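Student: Could you take me through the enclosed empty space in this model? I'd like a close look at the biggest void, and at how far I can trust what surrounds it.

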Amino acid sequence: MQEFNWNKQNEVIIEKMKERPVNKKKLLRRTIITASMAVIFGLIACVTFLILEPVISKWLYPEEKTQIVVFPEDQEEMSPEEMLADNMEQEQQQMEQQLQEQLQNQQAAAGNSSAELNSDQIQQILQKVTFDLKNYEEMYSAMAAFSKEMRRSMVTVTGVVSNLDWFNNVQESENQASGVIIANNGKELLILVDYAPLKTAESLHLTFNNDLQVPTYLKKLDEFTNLAILTVNLEDFDNSYLEKGITIAAFGSSNLSRIVGQPVVALGRPMGTEGSIGYGMITSSGTSIQEADTNYKLIQTDITGSEKAGGVLFNLQGQVVGIITNSRGSLDMKNMITAYGITELKNRIEQMANGRQKPYMGICGVNVTREANLQLNVPYGAYVTEIDMDSPAMMAGIQQGDVIVAINGKEITSYNMYINTISSMSGGDNLKVLVMRQVQEEYKEMEFDVVLEERN
């Protein structure tokens, strides 16, 4: 009995520990909550970064403000005839003075200082003065020096296109166009160029007159004229180049009443090759090309060039008067250099230079002539000759034959004034357009609400 009790007391108790079963639902719930919180905190961090990053960047690296580009209004220029007459008068006065001095010296040596040449004698002497080859050479040397100075504002734009041949080898081809530097907005140089040869380019770079090469980028393109504004970041080259080898071209006027006969120099690619040059004069300026809300003037020269000509026309005051575009030339004179007049382009160039879209109302028109006003009682204003389909003007109710006489209370006395008024506005602007419409035998006043749109 005692033995049995001893065995009982010394018996080892063995207990097997079992792990508590995993609550899968609770674990899944905690995992989802943790992942959700991580996503939420991540989103909050991203949003915070997106909101604060521009603010902090502007605070640490303040961005320089871009200056608004504004081109000056046309100024009265001296006509070619006036310049020629003025130069001839000055030269004649100098020659007369020299002849008088020579005669006086001769008379003083002969002891007779009372005699003087009369006007007929002076004219006879002047008629004997002729230009020889040396004078001809000096004239063209002066023109060459002038052209060299004007080239400081010219650039060559190269567009690079990559293609694959039959063996999948990459081949690069280049197209070139001539541009002119028109402005510096504080951050960029702005270049005006005929973009037609560059439309397929994958990358662009330009070469200045001093052979400096920098990348360039398209800022704005006008699809009607194919003219474009390219930009070059000022950070891409040393400022010393601006001071020494690069100048900004000045705009002249192509709207002079006596522009026909004015001497001009064609620079860029007038002969189809870069760096070519042509001398001549403007032979006509009566051709116009109409686009909605715009009226471009073409100026024709007697300079024979390439059908693929490009570049700029300068007058002898060193001002741009035209942008070469031989694609608009007449078929019977397709080898004569033709250009857009710079005066009619200024508004559009200014819009593109400032990154603005073209405001669009959709009207083509003409000025009301004095004869139409006196004989037909047509009021002065912008006479509507055509309206684009589904344009803001058509949707508002304006019709062909209406005469626009006021916009937002501002009097409109010509189609040119209408163009300038519309070009100063922006897409989305609400206009009160006052027109005179012929009803039976008289013109009656009507007002329309027009909302401008935008177009390239």
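Tutor: Here's a walk through the voids and their walls, with a few words on confidence and some loop residues.

This is a predicted model, where local features need pLDDT of at least 70 and side-chain atom pairs count only at 80 or more, while totals for chains, interfaces and linings use all residues. Numbering runs from 1 along each chain as its sequence is written, and side-chain values use heavy atoms, leaving out hydrogens and water.

There are two cavities of 30 Å³ or more. A cavity here is a set of points on a 1 Å grid over the protein atoms alone where a 1.4 Å probe fits but cannot get out, and a lining residue has an atom within 4 Å of a point. Points are joined across faces, edges and corners, and the volume is the space filled by probe spheres set on them.

The largest cavity comes to about 100 Å³. Its wall brings together Asp-293, Thr-294 and Tyr-296 with Glu-344, Asn-347, Arg-348 and Gln-351, then Lys-358, Pro-359, Ile-419, Ile-422 and Ser-423. In terms of secondary structure (DSSP runs numbered from the N terminus: H or I over at least four residues for helices, E over at least two for strands), β11 (294-304), α7 (342-353), β15 (358-360) and α10 (415-423) each put in at least two residues. The top contributor is α7, with four. Chemically, the lining is an even split: four nonpolar, four polar and four charged. Nonpolar covers Ala, Val, Leu, Ile, Met, Phe, Trp, Tyr, Cys and Pro, charged is Asp, Glu, Lys and Arg, and everything else, Gly included, is polar.

Asp-293, one of those lining residues, deserves a second look. It sits in the loop between β10 (276-291) and β11, and its phi is near 65 degrees, positive although the residue isn't glycine. Most residues other than glycine have a negative phi. Asp-293 counts as buried because its relative accessibility is 4%, where buried means under 20%, exposed over 50% and partly exposed in between (1.4 Å probe, protein chains only). Compare Gln-440, in the loop between β20 (430-439) and β21 (442-451): its phi is also positive, near 60 degrees, but Gln-440 is exposed, with 76% relative accessible area.

The second largest cavity holds about 40 Å³. Around it you'll find Ser-178, Val-180, Leu-192, Val-193, Asp-194, Gly-311, Val-312, Ile-323 and Ile-324. Strands β2 (170-184), β3 (188-194), β12 (310-315) and β13 (319-324) each give two or more of these, and β3 gives the most, with three. This lining has six nonpolar residues, two polar and one charged.

Val-180 from that wall also touches Ser-153, as do Gly-179, Ile-181, Thr-247, Ile-248, Ala-249 and Phe-314, setting aside residues up to four places away in sequence; contact means heavy atoms within 4.5 Å. Ser-153 lies in the loop between α5 (133-150) and β1 (154-164) and, at 2% relative accessibility, counts as buried.

As for trust, the chain averages a pLDDT of 81, with 75% of residues scoring at least 70; pLDDT is the predictor's per-residue confidence, from 0 to 100. Confidence peaks in β18 (residues 403-407), at a mean of 95, and is lowest in α1 (residues 2-9), at 50. Residues 76-85 have pLDDT below 50, though this stretch still has 15 contacts beyond near neighbours in sequence. Where pLDDT is low, the predicted coordinates should not be read in detail.

How values were computed: 1 Å grid on protein atoms, 1.4 Å probe; cavity = no way out; pocket = protein on both sides within 12 Å on 5 of 7 lines; lining within 4 Å.
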